[in-house]
Amino acid sequence: MIYIIRTLALTLVEVLCCRIFFDTFLKRRTLEHHMDKVVLLGLWGMMFGAACITGMVWRVLVVVLGTFICTRILYNGSFIHVFFISIAEYTLNLMADSIVVFLLQFILQVDVKRSLPENTLIMIMCKLLFLLCVLACSRYFHHIGNLSYIPDKDWCWLMVFPILTLALIAGMLISQGMMALMLSAFGLLLANFLFFYLVQDIIKREMNIREQQLGEIQVRNQMQLYQSMEANYEEQQKKIHDVRNQMECVRGLLEDKQDSKALEYINHLYGTWEKEGAFINTNHAIVNSILRQKLIYAEQKRVQLVLEVQDLSAVRMEDEDLVIILANLIDNGIEACERLKQKQRVLKLRICLVKNELQISTQNAIEGQVQKERGIIVTSKREKRKHGIGLKNIHRIVEKYNGEDFIQYGTDYFTHTIVIEQ
Amino acid sequence: MRLTIGVCDDEGYFRQQITQTIQEKLAFQDGIEYTIDTFSNGQELFQNPNQIKECDVLFMDISMPGENGMQVAAKVKQQNEKIILVFITSYIDFAIEGYKINALRYVLKKDLKGALPEAVDAVCRQMKIQKKELFYDCLEGRQLLAVPDLYYIESKGHKLQLNVRDDRVYTMYGKLDELEKQLKDFRFIRIHKSFLVNYQHIRSIKNYILTLDNGVELMIPRERYRQVKEQYYELRGGLQ
């Protein structure tokens with residue numbers, strides 16, 4: 001009975017390994033109604049049957065033929081291709097068995113012809129090594145599977161588990177009684193720790209993905225904001241054209257000697273203009289729009305925005321990218337200034353085109369040290385999870401344009417410069 | 001340091017406000033002596049031709065009757081190209097032509113008390129460099145050189161070659177490290193173990209080549225390139 005259960009379990013492992021191995025080199029067929037599962041069950045049955053055959057040659061023939069037929073049903077591929085891959089899979093299986101037996105018998109001096117439980121341990125080791133080989137093939141020769149997307153570091157983490165299990169079983173075979181139990185207990189303890197770190201790593205990556213999604217949302221929101229700003233800007237342009245008519249009206253009132261009404265009207269107009277804010281012309285509608293908006297924002301936050309701008313009509317960048325860079329740079333600067341005393345709240349912004357090089361830089365005073373974590377500047381804002389995205393978005397766009405990004409800081413200042421070839 | 005300051009505004013109230021703010025700010029600056037002359041229009045400014053030539057910094061209103069501030073400033077720059085201009089304006093309505101005048105600051109009248117002190121600070125920083133003069137014992141004799149006139153210094157063996165405005169070259173004995181220390185507050189960049197360059201004369205840095213205003217090209221070693229660029233953009237980003 002134990003023999004049957006053992007054979008069933010080991011052949012199931014072989015079938016699963018087969019699946020991974022073939023997925024690496026061949027493209028799956030689309031089969032209806034769980035047909036693939038039925039075929040795999042058939043393969044399992046065939047392998048179990050082959051394991052019961054005593055003649056070595058017959059066993060090999062049944063396994064290779066069975067694998068070949070099932071693979072032809074499950075995968076696309078030429079006759080020769082599928083045949084060779086079936087042979088390769090079986091050879092790999094045999095090689096794993098031989099390596100384990102060789103290592104145990106000649107290096108660790110273990111008698112491989114032992115009783116059933118010990119023999120089962122050796123068989124499990126063989127199948128584990130087979131699984132390791134199949135996974136390695138899948139990673140380095142894959143065409144279809146997902147293993148190649150795993151970063152090298154995670155791949156090493158993943159490989160630790162089968163290797164640790166192999167080492168544990170080998171340890172159990174050479175030691176006896178309590179020693180074997182202790183070994184397995186320590187091994188499990190270690191595996192628990194490794195599992196904990198692996199999970200932590202996965203969580204970290206998940207958080208990064210979430211951060212990226214948040215960043216995309218922020219970008220989308222900013223685009224909506226600046227589209228509305230652009231509309232406001234056009235509206236203002238129309239209003240400026242109306243000024244001529246309004247002046248005509250003032251002249252009419254003065255000619256009619258209605259001085260008080262004229263004064264009242266002028267005061268009304270003056271108030272309206274003040275509210276509309278400052279107007280900076282750089283010959284670039286998007287830059288104008290952002291600067292106008294940010295000047296008002298800086299004024300609200302009682303931050304003095306000192307600008308150096310020029311004719312930017314030759315700037316060749318996608319509008320949304322320019323918006324992200326400028327808005328994030330200015331917002332970061334204003335937020336840094338907000339933490340300072342009133343006299344220090346000066347943000348210098350420079351947007352210039354020098355010899356086909358777009359140079360955008362901000363400089364502001366800072367209080368305390370700039371915090372860095374693994375070479376990356378950490379946000380000093382309270383809600384850390386939601387921030388730090390601005391800088392990442394800037395870096396992303398600078399990379400897109402093959403530009404350069406310089407961050408310089410001392411004990412009392414912080415300068416961020418972006419240089420993009422036009 | 002001695003500063004000659006001009007204030008040109010057609011409105012007496014603003015002339016007085018600007019003058020007062022400058023005086024208040026300069027009261028906290030050590031080692032600065034100054035005189036402030038006020039003018040109500042461009043005509044007054046041009047009455048005495050020496051006035052413009054001696055003036056270090058001019059605070060100028062843009063909207064004035066007759067010739068506006070921009071037009072006056074363009075003429076002033078023709079007579080004194082070293083003069084520092086600060087525009088004082090009621091509205092930020094910068095015409096594209098305005099950028100060519102290359103003013104140090106545009107200050108809004110409604111924010112005079114807030115923004116003018118920063119502009120005065122910037123003027124002082126600029127003047128500190130512009131007016132700095134140093135004596136050097138050169139092989140050609142003792143020379144008094146203005147820091148802005150120094151383009152770059154090259155180390156050749158035990159000698160240093162000072163490359164100055166109008167392609168003048170002076171040679172002296174010394175170490176570049178010592179000169180670098182002496183000039184560290186005056187925006188000089190060490191681009192090479194044998195070259196110290198004045199930031200304000202750098203025209204561009206591209207493909208490991210630094211080009212100066214006078215067309216001289218200097219090679220930047222690969223290992224220093226990133227650092228030199230960082231220093232250069234840090235100085236640029238700080239405005240003036």
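This is a short talk through the two chains of a predicted model, from their overall make-up to a few individual residues.

Let me begin with chain A, for which the count is eleven helices and nine strands. Of its 422 residues, 41% count as buried, and the accessible surface comes to about 24700 Å², with 62% of that area belonging to carbon and sulfur atoms. If we take the contacts in chain A with a separation of 6 or more, residues 24 or more positions apart account for 70% of them. As for confidence, chain A averages a pLDDT of 80, and 86% of the residues score at least 70. Over residues 382-386 of chain A, however, the pLDDT is below 50, and this stretch has four contacts in the model beyond near neighbours in sequence.

Turning to chain B, we have 240 residues, of which 52% count as buried, and a fold with seven helices and 15 strands. The accessible surface of chain B comes to about 12000 Å², and carbon and sulfur atoms contribute 45% of that. Among the contacts in chain B between residues at least 6 apart in sequence, 53% join residues at least 24 apart.

Next, the surface of chain A. Which residues make the nonpolar surface patch of about 770 Å²? The patch is formed by A:Met95, A:Ile99, A:Phe102, A:Leu103, A:Phe106, A:Ile107, A:Leu108 and A:Ile174, and its largest share, six residues, comes from helix α4 of chain A, which spans residues 79-107. A:Ile107 belongs to that helix, and with a relative accessible area of 53% A:Ile107 is exposed, because the threshold for that class is over 50%.

I now come to the charged pairs, of which the salt-bridge count over all chains is 29. Within chain A, A:Glu308 and A:Arg350 form one, with the closest N and O atoms 3.5 Å apart. The pair links distant parts of the chain, since A:Glu308 sits in strand β3 (residues 304-309) and A:Arg350 in strand β4 (residues 346-354), 42 residues apart. The two partners are classed separately: A:Glu308 is partly exposed at 29% relative accessibility, whereas A:Arg350 is buried at 2%.

A second pair is B:Arg226 with A:Glu404, where the closest N and O atoms are 3.7 Å apart. B:Arg226 lies in helix α7 of chain B (residues 222-237) and A:Glu404 in strand β8 of chain A (residues 404-409), so this salt bridge joins two chains. Both are partly exposed, B:Arg226 at 38% relative accessibility and A:Glu404 at 24%. These two residues are also part of a network of salt bridges, in which they are linked with B:Lys229 and B:Glu230.

The third pair is within chain B, where the side chains of B:Asp149 and B:Arg165 meet at 2.7 Å, N to O. B:Asp149 lies in the loop between β7 (141-146) and β8 (150-156), and B:Arg165 in the loop between β9 and β10, 16 residues apart. B:Asp149 is buried at 15% relative accessible area, while B:Arg165 is partly exposed at 27%.

That same loop between β9 (159-164) and β10 (168-173) holds B:Asp166, whose phi is near 60°, a positive value in a residue other than glycine. B:Asp166 counts as exposed, at 64% relative accessibility. Chain A offers another such case in A:Asn283, with phi near 70°, which is found in the loop between α8 (259-276) and α9 (285-300) and is partly exposed at 39%. For context, most residues other than glycine have a negative phi.

Two buried residues of chain B deserve a look. What does B:Glu118, in helix α5 (residues 112-130), touch beyond its neighbours within four places in sequence? The contacts are A:Gln304, A:Val306, A:Val346, A:Lys348, B:Arg105 and B:Arg125, and B:Glu118 is buried, with a relative accessible area of 10%. B:Phe186, in the loop between α6 (176-182) and β11 (188-192), is buried at 8%, and touches B:Lys128, B:Ile129, B:Lys132, B:Val147 and B:Asn198, not counting residues up to four places away in sequence. B:Phe186 and B:Arg125 are 61 residues apart in sequence, with 9.6 Å from C-alpha to C-alpha.

Finally, the cysteines: a search of the whole structure finds zero disulfides over all chains. For A:Cys133, the nearest cysteine sulfur is that of A:Cys137, 7.0 Å away, which is not within the 2.5 Å that a disulfide requires. A:Cys133 is partly exposed at 24% relative accessibility, whereas A:Cys352 is buried at 2%.

Key: Residues are numbered from 1 along each chain as its sequence is written. Chains are lettered from A and ligands numbered from 1 in the order in which they are written. Side-chain values use heavy atoms; hydrogens and water are left out. Buried means under 20% relative accessible area, exposed over 50%, partly exposed in between (1.4 Å probe, protein chains only). Helices (H or I, at least four residues) and strands (E, at least two) are DSSP runs, numbered from the N terminus. Contact means heavy atoms within 4.5 Å. Accessible areas come from the Shrake-Rupley method with a 1.4 Å probe; for residues, only the protein chains shown count as cover. Patches are made of residues with over 30% relative accessible area and no salt bridge: like charges are joined within 9 Å, nonpolar side chains (Val, Leu, Ile, Met, Phe, Trp, Tyr) within 5 Å. A salt bridge is a side-chain nitrogen of Lys or Arg within 4 Å of a carboxyl oxygen of Asp or Glu. pLDDT is the predictor's confidence in each residue, from 0 to 100.
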